[in-house]
Amino acid sequence: CQATTFCYGEKLMLKIVGSRLDNAEENDFYETHGADAGIFFDQAKRDGIVFSKEIWEPACGKGSISEELIARGHKVLSSDLIDRGYGYVRDFLDETPLPSKLNCDIITNPPYKGKIDMKFVERALGLVEDGCWVMMLFKTQWVSSQGRFLLFDRIGKTNYIYPYNYRISIYKSGNQGQGSNNALDYSWYCWQKGVPGKAEGRSIPHPRWANKFPEIDILNYVNK
């Protein structure tokens, strides 16, 4: 696509740039199943988390997370470094200053290669106003590295960590026709800008189990 500019909520001005489809796999595209994202959103709302009306999904892929948010009444700006037929083409890590902080949440399953995951977190927290949420889907063991320990030292702990208590569906290169071969555990890491976090553990039960087990604070449970 040709370079152009659009306005979102009268605050967010983004420059759209061209891209090549043949970069998709090398740019670490692993698509989240929309239903799994929706289960998290519904659980977070039951837990009292209030999402912003407007949300930016900056690694939207083919739109699976965006569509779940739209279905729940949110206005969603969807963008990605690679044109996969959904949303705008935008480099989220472009450091061009914006005119002001954004009054929106940022929710995504970001790429991992080259420490881009950590760059996404820092960039997102630097863009939004206090009180807004930054939510990223990572492997549950994502915190288990020295680099990420230093990241938390810079930006502060998460407010909540939401692990799935079942294996979610993840599709390499977004190819759902080949099925999901995910053998990893995933969690949503949630920061509320300007609110000190305690890395409180919560749980995302599968819908068929949700009413069978009492809600527990995972970290408190483990520490008993």
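## Working through the sheet and its neighbours

In β11, Ile161 has Tyr189 as its bridge partner. This is a predicted model, where local features need pLDDT of at least 70, side-chain atom pairs count only at pLDDT 80 or more, and totals for chains, interfaces and linings use all residues. Residues are numbered from 1 along each chain as its sequence is written, and side-chain values use heavy atoms, with hydrogens and water left out.

**Exercise 1.** Work out which strands pair with β11, and in what sense.

*Solution.* Some ground rules come before the strands. Helices (H or I, at least four residues) and strands (E, at least two) are DSSP runs, numbered from the N terminus. Two strands pair if DSSP finds at least two bridges between them.

- Step 1: take β8 (residues 133-139), which pairs with β11 in the antiparallel sense over seven bridges. Within β11, Tyr189 is the bridge partner of Met136.
- Step 2: turn to β9 (residues 160-163), which is antiparallel to β11 too, over four bridges.
- Step 3: check how covered β11 (residues 186-192) is: six of its seven residues are buried (buried is under 20% relative accessible area, exposed over 50%, partly exposed in between, with a 1.4 Å probe and protein chains only).

**Exercise 2.** Place β11 in the whole sheet and find the edge strands.

*Solution.*

- Step 1: write out the order of the eight strands, β6-β5-β4-β7-β8-β11-β9-β12, an open sheet with mixed pairing.
- Step 2: pick out the edges, β6 (88-89) and β12 (200-201), as each pairs on one side only.
- Step 3: look for a parallel pair; β4 (residues 54-57) and β7 give one, over two bridges.

**Exercise 3.** Is Asp105 buried or exposed, and what is it in contact with?

*Solution.*

- Step 1: locate Asp105 in β7 (residues 105-108), where Ile55 stands opposite.
- Step 2: Asp105 counts as buried because its relative accessibility is 0%.
- Step 3: leave aside neighbours within four places in sequence; the contacts of Asp105 (heavy atoms within 4.5 Å) then include Phe51, Trp56, Cys132 and Trp133.

**Exercise 4.** Find what α1 lies across, then describe Ile39.

*Solution.*

- Step 1: α1 lies across β7, β8, β9 and β11, at about 135° to β9 (axes are lines fitted to C-alpha atoms, for helices over the stretch in contact, and angles run from 0 to 180 degrees between N-to-C directions).
- Step 2: Ile39 lies in α1 (residues 34-46) and counts as buried because its relative accessibility is 17%.
- Step 3: beyond neighbours within four places in sequence, Ile39 is in contact with Tyr166, Ile204, Pro205 and Pro207.
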